[in-house]
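Biologist: I am still learning to read structures, and I would like to take a careful look at one part of this one. Could you take me through a single residue and its surroundings, and then set a few other places beside it?

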Amino acid sequence: MGWHLKQKLSSGAIHLILIAGSLVMIVPFIWMLLTAFKTKTEAISVNPFYIFPMHGWHIENFIDVWNSYNFLLLYRNTLLLIVLRVLCACATATLAGYAFGRLKFPFKNFLFALVLVQMMVPSQIFIIPQYLMVSKLNAMNTPFGLLLPGIVTAFGTYLCKQGYQTLPRSLEEAAEIDGCNVPQRFLFVMLPLTRSSLVSLGIFTALFAYKDLMWPLLVAPRTEATTLTAALSRLQGQFGNNYPQIMAGAFMAVVPMIVLYLIFQKQFIEGIATSGGKL
């Protein structure tokens with residue numbers, strides 16, 4: 001009896017800690033939403049009792065931001081960027097990961113070391129050469145210009161390589177005995193077994209593409225060609241900020257990702273749990 005009571009108390013304490021952690025995480029989102037309905041004076045007030053709008057719920061903040069920026073176009077640009085980066089990252093990473101994880105070829109370890117070096121250095125180092133490439137190709141303010149840094153991913157190559165190395169070699173040997181060549185072994189035997197790695201890579205790539213700010217600001221200065229994050233950064237003024245409008249824009253930018261998460265919630269959880277990573 002005492003053991004069961006101790007187990008229930010331990011389980012209850014764990015649930016309380018998890019609930020408290022969830023509340024802490026959701027508070028900034030709730031604060032953002034409440035601020036979006038306030039006046040500018042209420043938003044910058046230091047009065048702690050100004051949690052809820054005191055003078056009505058001002059929906060015009062959303063209307064003003066919507067009229068200032070073509071959010072349908074921004075949604076389209078951002079969604080297109082996410083889809084293209086996910087497709088390119090998964091295609092190139094799974095091919096490179098299979099080569100590094102299962103095949104033997106000259107300078108294999110040296111080339112994989114270069115991949116690891118790319119993961120270790122800050123991504124900002126590659127900004128200038130990538131920008132010069134986009135500029136020379138006349139790809140400014142184009143989907144290709146936004147896509148360029150995400151065509152190949154060192155993190156995805158490493159993740160897929162680890163996934164292929166965990167598979168037993170007997171599967172490949174059995175396929176080889178049945179007459180499968182290297183492309184057939186990869187396409188029909190090994191690739192379907194690394195679905196969890198590809199799901200994880202797709203999740204991380206989509207999140208990185210969605211919250212990327214510096215690159216869209218550089219290669220897509222035009223409003224009609226930029227993404228949500230870059231457009232929101234332009235809501236900030238030089239001498240003052242209209243925080244309710246900024247929060248309204250941020251909320252409208254977050255909505256698509258919330259919808260995608262609710263639709264693909266099972267895949268998100270499986271991908272993160274399988275990869276052992278964190279967002």
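Modeller: What follows starts with one arginine and then moves on to some other parts of the chain. Please keep in mind throughout that this is a predicted model.

The residue I would choose is Arg102, which belongs to helix H4, a helix made of residues 71-102. Is Arg102 buried or exposed? Its relative accessibility is 7%, and because buried means under 20%, Arg102 counts as buried. Leaving aside residues up to four places away in sequence, Arg102 is in contact with Tyr164, Gln165, Leu167, Pro168, Arg169, Glu172 and Met190. One of these neighbours, Leu167, deserves a second look, since its backbone oxygen lies 3.0 Å from a polar atom of the Arg102 side chain.

From there we can turn to Gly163, which is found in helix H8, residues 154-165. Gly163 also counts as buried, because its relative accessibility is 10%. When residues up to four places away in sequence are not counted, Gly163 touches Thr194 and Ser197. The C-alpha atom of Gly163 is separated by 8.2 Å from that of Gly97, although these two glycines are 66 residues apart along the chain.

A helix can also be considered as a whole, and H3, which covers residues 60-68, has Asn61, Phe62 and Val65 as its buried residues. If you look down the axis of H3, these buried residues fall within an arc of 95°, so they line one face of the helix.

For a contrast with these buried places, consider Leu23, which lies in helix H1, residues 2-36. Leu23 has a relative accessibility of 51% and therefore counts as exposed, the cut-off being over 50%. Together with Leu16, Ile19, Ile26, Val27 and Ile30, Leu23 makes a nonpolar surface patch of about 560 Å².

Finally, there is the loop between helix H6 (127-136) and helix H7 (143-147), where Asn138 is located. Asn138 counts as exposed because its relative accessibility is 68%, and its backbone has a positive phi of about 55° although the residue is not a glycine. Asn141 lies in the loop between H6 and H7 as well, and Asn141, again not a glycine, has a positive phi of about 60°.

Methods. Residues are numbered from 1 along each chain as its sequence is written. This is a predicted model: local features need pLDDT of at least 70, side-chain atom pairs count only at pLDDT 80 or more; totals for chains, interfaces and linings use all residues. Side-chain values use heavy atoms; hydrogens and water are left out. Helices (H or I, at least four residues) and strands (E, at least two) are DSSP runs, numbered from the N terminus. Buried means under 20% relative accessible area, exposed over 50%, partly exposed in between (1.4 Å probe, protein chains only). A polar contact is a pair of N or O atoms within 3.5 Å; within protein, one must be able to donate a hydrogen and the other to accept it, and residues adjacent in sequence count only if both atoms are side-chain atoms. Contact means heavy atoms within 4.5 Å. Patches are made of residues with over 30% relative accessible area and no salt bridge: like charges are joined within 9 Å, nonpolar side chains (Val, Leu, Ile, Met, Phe, Trp, Tyr) within 5 Å. Accessible areas come from the Shrake-Rupley method with a 1.4 Å probe; for residues, only the protein chains shown count as cover. A salt bridge is a side-chain nitrogen of Lys or Arg within 4 Å of a carboxyl oxygen of Asp or Glu. The arc is that of the directions from the helix axis to the C-beta atoms.
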